[in-house]
Amino acid sequence: MSTSIAETFRVGGEIEIKRLGYGGMQLTGKGVWGDAPDRENAKNVLKAALEAGVNFIDTADSYGPHTNEGLIADALHPYPLDLLIATKGGFDRTGPNQWVVNGNPKHIREAIDGSLRRLKVEKIDLWQLHRFDAKFPIEETLAPVVEAVQAGKIRYVGLSEVDVQQIQRAEKVIKIVSVQNLYNLGDRKWEEVVDYTEQQGMAFIPWYPLASGPNKLQSKIAQIAEKHGATISQIALAWLLKRAPHILLIPGTSSLEHLKENMGAANITLSDEDFAALSK
């Protein structure tokens with residue numbers, strides 16, 4: 001199959017976006033804490049992503065916390081009509097690299113309103129729940145999300161780090177259009193979720209997509225990369241694009257050079273033989 005950046009997926013069956021997007025997480029301070037150290041460079045990276053054809057950006061209220069969404073608004077607002085910005089809620093941040101799950105409905109309601117304000121939008125195209133919280137039934141956690149959808153504050157809803165049973169339980173409360181789980185060439189724990197979301201017409205958004213796997217894979221990847229005149233990171237992304245047509249990629253970087261490299265993955269078409277060799 002072709003892996004051109006022009007290849008698209010319809011989120012919710014409606015919003016058509018290019019499958020190679022951009023993740024904003026790295027445009028923060030160390031430990032995803034505080035604002036981007038070089039704010040002007042960060043804004044330039046976001047603008048360059050759009051110039052390269054990206055029309056899907058992923059962020060979260062917890063990135064910073066609260067700095068990443070505002071940065072995106074400062075760099076790109078007023079937004080192009082075809083740009084889909086996805087954000088997430090459901091974490092408290094207590095310090096660098098510290099993430100505390102919070103599914104309290106009050107927190108979720110505040111997270112949604114905060115994201116609307118920082119992104120300078122009246123409606124969030126895709127709002128995603130970071131995690132299920134064992135302290136609250138998912139029906140309670142999602143109640144303010146349902147309210148926000150009914151009020152026109154959210155268009156579509158997604159989940160993160162969930163198994164098939166959790167997706168099905170959430171779907172009894174509200175329509176789920178996307179799932180964002182850890183998944184890459186070297187970590188395929190969520191194969192069942194990848195397959196399930198494809199069957200259901202949901203988007204699957206792997207986070208940490210650039211990981212290229214254990215050492216035993218490295219020589220194989222290096223050989224295929226050399227054959228394509230590509231980098232190992234590009235091959236990791238190209239593998240994901242070929243894995244399934246509903247996979248949307250959000251590689252993040254604070255470097256214009258790395259952004260260009262990541263975008264180049266769209267021009268690599270792995271053969272079935274290459275794909276099989278990497279998939280073993």
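Which side chain of opposite charge is nearest to Asp61, and how many Å away is it? It's Arg118, at 4.5 Å, and Asp61 is buried yet has no salt bridge. Buried means under 20% relative accessible area, exposed means over 50%, and partly exposed is in between (1.4 Å probe, protein chains only). A salt bridge needs a side-chain nitrogen of Lys or Arg within 4 Å of a carboxyl oxygen of Asp or Glu. For charge, Lys and Arg count as positive and Asp and Glu as negative, while His and the chain ends are not counted.

Before going on: this is a predicted model, where local features need pLDDT of at least 70 and side-chain atom pairs count only at pLDDT 80 or more, while totals for chains, interfaces and linings use all residues. Residues are numbered from 1 along each chain as its sequence is written, and side-chain values use heavy atoms, with hydrogens and water left out.

Back to Asp61, which sits in the loop between β4 (56-58) and α2 (68-76). Helices (H or I, at least four residues) and strands (E, at least two) are DSSP runs, numbered from the N terminus. Leaving aside residues up to four places away in sequence, Asp61 touches several residues, including His66, Thr87, Ser115 and Arg118; contact means heavy atoms within 4.5 Å. That loop between β4 and α2 also holds Pro65, and the peptide bond joining Gly64 and Pro65 is cis, with omega about -10 degrees. Another cis bond runs from His77 to Pro78, with omega near 0 degrees.

Now for two residues with positive phi that aren't glycine:

| Residue | Phi | Relative accessible area |
|---|---|---|
| Val32 | about 55 degrees | 12%, buried |
| Lys120 | near 60 degrees | 47%, partly exposed |

Val32 is in the loop between β3 (22-23) and α1 (39-51), and Lys120 is in the loop between α3 (105-119) and β8 (124-129).

What about helix packing? The axes of helix α5 (residues 164-171) and helix α6 (residues 191-200) come within 9 Å and cross at roughly 35 degrees. Those axes are lines fitted to C-alpha atoms, for helices over the stretch in contact, and angles run from 0 to 180 degrees between N-to-C directions. On the α5 side, Val164, Ile167 and Gln168 make the contact, and on the α6 side it's Glu192, Val193, Tyr196 and Thr197.

Helix α6 also holds Asp195, which counts as partly exposed because its relative accessibility is 33%. Asp195 and His246 are 51 residues apart in sequence, with 9.7 Å between their C-alpha atoms.
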